[in-house]
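Student: I have a model open on my screen and would like to learn how to read it. Could you walk me through it, feature by feature?

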Amino acid sequence: MKVTFYGHATVQIEVAGKTLLFDPFISPNDLAKDIDINSIKADYILISHGHADHVADALAIAQNNEATIVSNYEIVSWFGSKHDYSKGHPMNHGGSWNFDFGKVKYVNAVHSSVLPDGSYGGNPGGFVIETAEGNFYYAGDTALTMDMKLIPLFTKLNFALLPIGDNFTMGVDEAVIAADFIECDQIVGMHYDTFGFIKIDHEKAIAAFAAKGKTLLLPKIGETIEL
Ligand code: NI
Ligand code: MN
């Protein structure tokens, strides 16, 4: 699987001939100013929750690509009603759906969710995705939660994308515990460095995971890694 990091919590994953884009927030992010959203491909845009730092470029990229927006029912409905964009697939917690690239389950996140215009954004979530090329977990914005222990009961993960920036989500120390809960040794960090509140020490973070026998990957913005 090709995994490209576009800054903050924006990640593109190419799998099974399809391109998935998670939580697009690029044009408002100074750190990602070299990325042109018009160059980004997506067949599906998966949105974890309604906050602006997760949905800012979703509509533009969805329209450019005729992409399908996958999220909770409230967020998919909002894109449909506010923007005359109805190509969405609504889900809710605990539910799974077989797409043409693999099976997606929408799982719990402990966070909040409101859309940029104040509309109700449903409850926040994450995605567990099973494909013929491997399985992964995109946690979205979340605290460390006991619900993460459920994930290994239904999926053996190859890698996971976890927030590590603290303040708005769990920080590095809790993310190390989360990696244990989900029984996964290969972690891609996200939701760090974008704002002053979430700046982290990269070396310390990598060392904290290494001390527990785990790998923390921190790709540069625009960098693609193979997982
Ligand atoms: Ni958030
Ligand atoms: Mn966020």
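**Reading the strands, the loops and the surface**

Tutor: Gladly! Let's begin with one residue pair: Lys-105 has Val-128 in E9 as its bridge partner. Keep in mind that this is a predicted model.

Student: Which strands does that pair belong to, and how many bridges join E8 to E9?

Tutor: E8 and strand E9 (residues 125-131) are joined by six bridges and run antiparallel. Lys-105 also has a partner in E7, since E8 is where Ser-96 finds Lys-105 as its bridge partner. Strand E7 (residues 96-98) and strand E8 (residues 103-108) run antiparallel too, with three bridges.

Student: What lies between the strands in the hairpin of E7 and E8?

Tutor: Four residues lie between the strands of that hairpin, and Gly-102 takes a positive phi near 155 degrees.

Student: How do I place these strands in a whole sheet? What is the strand order of the sheet that holds E7 and E8?

Tutor: Read the order from one edge to the other. Here it is E7-E8-E9-E10-E11-E12-E13, an open sheet of seven strands with mixed pairing. At the edges are E7 and strand E13 (215-217), each of which pairs on one side only. From one strand to the next, the twist averages 20 degrees.

Student: Where does the mixed pairing show up?

Tutor: Follow E10. On the E9 side, five bridges join E9 to E10 and the two run antiparallel, with Glu-130 opposite Asn-135 in E10. The hairpin from E9 to E10 passes through two residues. On the E11 side, E10 and E11 run parallel, joined by three bridges, and Tyr-137 stands opposite Ala-160 in E11. Further along, E11 pairs with strand E12 (residues 186-190) in the parallel sense over four bridges. There Pro-163 has Met-190 in E12 as its bridge partner.

Student: Is E10 buried or exposed?

Tutor: Strand E10 (residues 134-138) is mostly covered, with five of its five residues buried. Look at both faces: Gly-134, Phe-136 and Tyr-138 are buried on one side, and Asn-135 and Tyr-137 are buried on the other.

Student: What is the order of the open sheet that contains E1?

Tutor: That open sheet of seven strands runs E6-E5-E4-E3-E2-E1-E14, with mixed pairing. Strand E6 (88-91) and strand E14 (224-226) are the edge strands, each pairing on one side only. Within this sheet, strand E3 (residues 18-22) and strand E4 (residues 44-46) run parallel, with three bridges. Phe-22 stands opposite Leu-46 in E4.

Student: And the helices? What do the buried residues of H2 pack against?

Tutor: To read a helix, find its buried residues and then see what they touch. In helix H2 (residues 58-65) they are Ala-58, Leu-59, Ile-61 and Ala-62. They pack against E3, E4, helix H1 (52-55), E5 and H3. Helix H3 (residues 73-83) lies across strand E5 (68-72) and E6, at about 140 degrees to E5. After H2 comes Glu-66, with a positive phi near 50 degrees.

Student: Why would a positive phi catch the eye?

Tutor: Because most residues other than glycine have a negative phi. His-8 is not a glycine, yet its phi is positive, about 50 degrees. His-8 sits in the loop between strand E1 (2-5) and strand E2 (11-15). Asp-23, also not a glycine, has a positive phi of about 45 degrees, and its place is the loop between E3 and E4.

Student: Are those two loop residues buried or exposed?

Tutor: A residue counts as buried under 20% relative accessible area. His-8, at 2%, is therefore buried, and Asp-23 is buried at 0%. Thr-169, in the loop between strand E11 (159-163) and helix H5 (172-181), counts as buried at 8%. Leaving aside neighbours within four places in sequence, Thr-169 is in contact with Asp-141, Thr-142, Pro-163, Ile-164 and His-191.

Student: Which residues form a nonpolar patch on the surface?

Tutor: Leu-150, Leu-153 and Phe-154 do, with about 320 Å² of accessible area together. Leu-153 is in helix H4 (residues 151-154). With a relative accessible area of 70%, Leu-153 is exposed, because exposed means over 50%.

Note on methods: Residues numbered from 1 in each chain as written. Chains lettered and ligands numbered in written order. Predicted model: local features only at pLDDT ≥ 70, side-chain atom pairs only at ≥ 80, totals over all residues. Heavy atoms only, no water. Pairing = 2+ DSSP bridges. Contact = heavy atoms within 4.5 Å. Axes fitted to C-alpha atoms, helices over the stretch in contact; angles between N-to-C directions. Patch = residues over 30% accessible without salt bridge, like charges linked within 9 Å, V, L, I, M, F, W, Y side chains within 5 Å. Areas by Shrake-Rupley, 256 points an atom, 1.4 Å probe, with all protein chains shown as cover. Salt bridge = Lys/Arg side-chain N within 4 Å of Asp/Glu carboxyl O. Buried < 20%, exposed > 50% of the residue type's maximum accessible area, 1.4 Å probe, protein only.
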